[in-house]
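Please work through the exercises below with the sequence and the model open beside you, and try each task before reading its solution.

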Amino acid sequence: MSEKQYARLLLAAKAGDHDAFASLVRAYQDRVYSLAYYMTKNHHDAEDVAQEVFLKIWRSLPSYRGDHEPDTWIMKIAKNACLDHLKQKRTVEPLEWERDGEILERPIVDEDVQSNPSQAFAQKEMRDEVAKALLRLPPEYREILTLRYMDGLSYEQLCRVLEIGEGTVKSRLWRAKNTLKKILENGNIF
Amino acid sequence: MDRCEKIEKLLAAYADGELNGRQKALVEQHVAHCPHCKALLDEYLALNDVLASCAVKAPEGFAERVMESVQHTKQAAPAARGVRLGKIAPFVGVGVAAVLCIGVLSSGLVQRMGQIFDHQENVEQEQQTAAGAPDPAPEDDIVGGAESAEMPTDDDAATMDEAATDMERDTYEESCAEPDTEAATDIESPTYPETAQDGMESEPAEDATPSTEAETAVPGENETEEESESESESETETDSETEEGEENRDA
C-alpha cells in the first residue's frame, strides 16, 4: 500500500470508519511492535506500548489534516510513546530472549532459504546474535537502527521523526552500527 | 585524516543508498582499489540485511485487541489552530469564577455594610438622646459613614469586572504564546533517561554544548560502553558538512 492509500485510510478513520482504522492497525502493527520491543526490551511492555500507540493515533485523528505523511506521523507517535515508557519505567529490565519459555521464532523472509535447513539455521543464529547485541545498545542507537532497518524509514523521514538534522542521522547511524559491530566482534560474529 | 578514514564515514550511508551522486562516485572509486574499505562496505551491507531480518511480528490477535480498546475510546475534540482548548479552558473557568465571586461578594458586602451603619446610627442616636444633645442630621452621618467606610459603588463594581476581564485576557494571551500545531505528538522533544541497565550511558542531548568530537581514534573495547556519552551530535552535523567540503576539494 502506498503512502497516499494510508493517508486515505487515516482520513476515513477520522470520519469514524472503524474498518479503515483496523486496516491501518494491521498495516503498521509489526513496525510499531518492533520499535516498542527493541525500546522496552520485553514483549509484555512492548504490547502495552504498541497498543497505547494505536490508541493515541485514534484519539488524535481529529487533528490529522492529511498534510502529514502517514509513516512519519505514526512512527513519531510510536517513538514518543516508547520514550515516555522508558522515562516512567527506570528499573533495570532483564533482557528477554525468550517468550513464554520458548525461543521467539522470527519469520524467515526468504523462502528459498527454507529449502536449505543448515543455511536457514545459520541465518537464524546470526539473526538472534544481532538482536541480542542490538538490545545492549543505548536507547537512541536501538531507536534509530530499528526505525531505519526494520521500519524502513528513509534518512529524510528519520530527520522528521527524530527531529534531528541529516548530518546527525548519518553520524548516529554510523556510530550505532560501529558499536553494534564491536559487540558482535567480541562474540566473533563479525 | 587519511582518505580511508574519510571514506569510512561515508560507507554506512552508501550501504543505505543515501549518498548523493558525487559522494557515491567517490566511494565507488575508492573501494575499487582499497580492499580494507571494500571489506568494511561488505560488512555494512551484510549487517543491513541481518538488521532488517530482526523485525519482530506483533503477537497473534494484536489488531483485534487494539480494536476492542478503540471501541471504548472516544476521539478527542479537534484542537483550534494554534491553541489547545485544554490549555485555555482552566483559565477561562478561573476568570468566570472570579467574576462570579466578585459579584457575589460585592452584593454581600453592600448588604453587610448597610447593616453595620444602621446599627451604628442607632447606637449614636441612643447616646445623644441620653446626653440630651440634638439629634445629628441623619444624612450627614450617613454620608460621613459612607465616605469613611468607602462602600463599593456601582463604578467600583464595574472596575472590578474590568480587572477580571483583563486578568482573563492576560492568561488567555499567555496560553496562546506557545501554539500547539501538532496535537498528536508531544511538543517537547523528550530526552533520554539514563540507561544504567545497559552498562552504557546515553549520548548527550542534541542541544548540549558542542565539544571536540574524537572520531579519529578507533575506539577500544572499553569505549563500547562509554563512547556514546562523550560525543556531541550537534558538532557532528558540522563535521560532516566540513568533511563533504574536503571531499569535494580532494576530488
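Four exercises follow, each with a worked solution.

This is a predicted model, in which local features need pLDDT of at least 70 and side-chain atom pairs count only at pLDDT 80 or more, while totals for chains, interfaces and linings use all residues. Residues are numbered from 1 along each chain as its sequence is written, chains are lettered from A and ligands numbered from 1 in the order in which they are written, and side-chain values use heavy atoms, with hydrogens and water left out.

**Exercise 1. Describe the two chains and the confidence of chain A.**

Begin with secondary structure, where helices (H or I, at least four residues) and strands (E, at least two) are DSSP runs numbered from the N terminus. Chain A has 9 helices and 2 strands, in the order α-α-α-α-β-β-α-α-α-α-α along the sequence, whereas chain B has 9 helices and 0 strands.

Next, consider burial, where buried means under 20% relative accessible area, exposed over 50% and partly exposed in between, with a 1.4 Å probe and protein chains only. In chain A, 59% of the 190 residues count as buried; in chain B, buried residues make up 26% of 251.

Finally, turn to pLDDT, the predictor's confidence in each residue on a scale from 0 to 100. Its mean over chain A is 85, and 85% of the residues of that chain reach 70 or more. Over residues 97–113 of chain A, however, pLDDT stays under 50, and the model has 29 contacts (heavy atoms within 4.5 Å) for this stretch beyond four places in sequence.

**Exercise 2. Locate the centre of the largest nonpolar core and the helix that gives the most to it.**

A nonpolar core is a set of buried Ala, Val, Leu, Ile, Met, Phe, Trp, Tyr and Cys residues joined through side-chain atoms within 4.5 Å. The largest one holds 88 residues, of which A:F21, A:L145 and A:L180 touch the most other members. Helix α2 (residues 18–40) of chain A gives the most to this core, with 13 residues.

Now follow A:F21 itself: leaving aside residues up to four places away in sequence, its partners include A:F54, A:W58 and A:L61 in chain A, together with B:V66, B:M67 and B:V70 in chain B.

**Exercise 3. Find the ring pairs and the charges that sit over rings.**

Rings of Phe, Tyr and Trp (its six-membered ring) pair if their centres lie within 6.5 Å, and planes under 30 degrees apart count as stacked, over 60 as edge-to-face and the rest as tilted. Over all chains, the search finds 6 aromatic pairs. One of them joins A:Y37 and A:Y38 edge-to-face, at 5.1 Å centre to centre and 75° between the planes, and both residues are buried. Another, A:Y64 with A:W73, is tilted, at 4.8 Å and 55°. Ring pairs also link A:Y33, A:F54 and B:F62 into a cluster.

For charges, the test is that NZ of Lys or CZ of Arg is within 6 Å of the ring centre and within 35 degrees of the ring normal. The charged end of A:K181 sits over the ring of B:Y44, 5.4 Å from its centre, and that of B:K9 sits over the ring of A:W174, at 4.4 Å.

**Exercise 4. Is A:T146 buried or exposed, and which residues does A:T146 touch?**

First place A:T146 in helix α7 (residues 139–150) of chain A. The relative accessible area of A:T146 is 0%, so the residue is buried. Beyond four places in sequence, A:T146 touches A:S34, A:L35, A:Y38 and A:D151.
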